[in-house]
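The exercises below concern salt bridges, an interface and a buried position. Each task is followed by a solution in steps.

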Amino acid sequence: MRDTTSILPLTVESLVFEVDGRRLIDGIDLHLERGATTVLLGPNGAGKSLLLRLCHGLLTPTAGRVRWALPEGRAAGVKRHTMVFQKPVMLRRSVFANLTHALAAAGLGYEARRARARAALERFRLADLADRPARVLSGGEQQRLAIARAWALDADVLFLDEPTSQLDPSATRAIEEMLRALKDEGRTLMMATHDLGQARRLADRVLFVHAGRIREDASAAAFFTAPATGKARAFLAGDLLD
Amino acid sequence: MDFAAIITAIADLLGGATPGFWPIVGLSLKVTLSAVTLAALIGLPLGALLGIARFPGRTAVVVLVNAMMGLPPVVAGLAIFLLLSRSGPLGPLGWLFSAKAMILAQTMLVLPIVVALTRQTIEDLWREYAEHLASLDLTGARAVPTLLWDARFSLVTALLAGFGRASAEVGAVLIVGGNIAGHTRTMTTAIALETSKGDLPLALGLGLILILLTLILNAVAFGAGRVGARHAR
Ligand SMILES: Nc1ncnc2c1ncn2[C@@H]1O[C@H](COP(=O)(O)OP(=O)(O)OP(=O)(O)O)[C@@H](O)[C@H]1O
Ligand SMILES: [Mg+2]
């Protein structure tokens, strides 16, 4: 029986995105089921960030469509997908206020959002930083707050664009643990990364993107042991792609 | 003119020996602060919207607003005078030569400053926040409260610039207020009058007090901004 409260599956059909006649996303089809962690791999400029933004609805496709099981990915009027950016956007407010602001935008009342924000601080070990201005936090702490903010919004689907690219190994591990915990809660993750070790650690499924297309769509195990295309083999071997 | 005469004039002003001085200060502050408040209520949201909206002709509007920052006070005064004169469209209100007319004229001077500086500040902040706010469905006018709040310490500077312009100008209040003693005489119009009468010590005394008041207000606003900014970088 289909779960009528879930926004998944997500179906992307013949997605095209052009800027000034340049085809940056060149006909992508994609089906995203509930629960799995999907990692986007591919060289710089492949279109990974664009694909995430298109799926999240921040960009409007030139052609094709992004279709959720429920309209706009909303259940009972509440948006059930969210995005964590490579460089987290921190409002010029305290850590706590960064959380309550997002929750207020999602429609939570005063008491409800304060309770939820406190829960998020606890869960992501940010309680000691609650009253600090968010913009003086370290990069790792900021990214932790960004993920806490996404978790507080209780989204089913998280899009993550290179969430650890600016972090040191220990902060990266901390973020990865958080992501794994989110996955264990049944949330669906779609993440772009250049960290192949991270992809191996987290991915159930790999989408290999090159020049605006998905060149390979495989289980992580299959992709890393036996990539099907020459491009993916070269990418994994660290060769330059044309 | 000697230094002692200036000191005497200031002492007389502050001590109340010059009749009608404190009401002049009071009226000046009332007119200018009302104008800045009105301009803030209209100009902050308007400037923020202009900062984030994209529409054909936007560049022309931005240039126009920027140009209006240099609007000569006498021209603003003249425009309000025509509006409020007996045969003007707002003539029936009977506001000409009253504090209301002066507030209106100064609002017209301050508004472009508030709109232009707010637009610039919010546009920069929007560039940084746009994707996060769009992700939260805060697009268009729904983004304005967040942006204004997060830019509040920079926006104080815009309001101070507006206050500076209003408190310093004489042309607009003179034309629409008429410099009527005890009724529409402000510090700047009084200075103009005393100077033309040749009472330089009195004019200078008034001028120094005007500068002092402006300094105090700016210092208070700056201090408050510093304290606040420490908590919201
Ligand atoms: N708004 C835009 N206008 C024009 N070109 C764009 C725009 N956004 C992205 N591009 C181009 O689209 C291509 C794909 O960009 P995208 O950011 O999706 O790449 P990516 O796979 O995320 O790369 P990276 O690994 O470097 O993050 C790039 O060539 C980029 O220059
Ligand atoms: Mg990218």
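**Exercise 1: a pair within one helix**

Arg127(B) is exposed, with 58% relative accessible area; buried means under 20% relative accessible area, exposed over 50%, and partly exposed in between (1.4 Å probe, protein chains only). The model is predicted, so local features need pLDDT of at least 70 and side-chain atom pairs count only at pLDDT 80 or more, while totals for chains, interfaces and linings use all residues. Residues are numbered from 1 along each chain as its sequence is written, chains are lettered from A and ligands numbered from 1 in the order in which they are written, and side-chain values use heavy atoms, with hydrogens and water left out.

Task: find which residue forms a salt bridge with Arg127(B), and where the two lie.

Solution.
1. A salt bridge is a side-chain nitrogen of Lys or Arg within 4 Å of a carboxyl oxygen of Asp or Glu.
2. Asp124(B) is the partner of Arg127(B), with the closest N and O atoms 3.2 Å apart.
3. Both residues lie in helix H5 of chain B, three residues apart, about one turn of the helix. Helices (H or I, at least four residues) and strands (E, at least two) are DSSP runs, numbered from the N terminus.
4. Asp124(B) is partly exposed, at 39%.

**Exercise 2: a second helical pair**

Task: state whether Glu194(B) is buried or exposed, and do the same for Lys197(B).

Solution.
1. The salt bridge between Glu194(B) and Lys197(B) has its closest N and O atoms 3.7 Å apart.
2. The two residues are three apart in helix H9 (residues 187–197) of chain B, so about one helical turn separates them.
3. Glu194(B) is buried, at 10% relative accessibility, whereas Lys197(B) is exposed, at 57%.

**Exercise 3: salt bridges between chains**

Task: how many salt bridges are counted between chain B and chain A? Describe the pair Glu128(B) and Arg92(A).

Solution.
1. Over all chains the count is 26 salt bridges, and between chain B and chain A it is six.
2. In the pair Glu128(B) and Arg92(A), the closest N and O atoms are 3.1 Å apart.
3. Glu128(B) lies in helix H5 (residues 99–135) of chain B and Arg92(A) in the loop between strand E7 (81–84) and helix H2 (95–105) of chain A, so the pair joins two chains.
4. Glu128(B) is partly exposed, at 32%, and Arg92(A) is buried, at 18%.
5. Glu131(B) and Arg53(A) also form a salt bridge, at 2.5 Å from N to O.

**Exercise 4: the interface as a whole**

Task: which element supplies the largest share of the side of chain B that touches chain A?

Solution.
1. The contact (heavy atoms within 4.5 Å) takes 20 residues from chain B and 21 from chain A.
2. Buried area is the accessible area (1.4 Å probe) that two parts lose on being put together, summed over both. Here it is about 1800 Å², 51% of it on carbon and sulfur atoms.
3. Six salt bridges are counted between the two chains. On the chain B side, H5, helix H6 (144–150) and helix H10 (200–231) each supply at least two residues.
4. The largest share, eight residues, comes from H5(B).

**Exercise 5: a glycine in H10**

Task: which residues does Gly205(B) touch, not counting those up to four places away in sequence?

Solution.
1. Gly205(B) is in helix H10 of chain B and is buried, at 0% relative accessibility.
2. Gly205(B) touches Ile10(B) and Leu13(B).
3. The C-alpha atoms of Gly205(B) and Thr8(B) are 8.9 Å apart, although 197 residues separate them along the chain.
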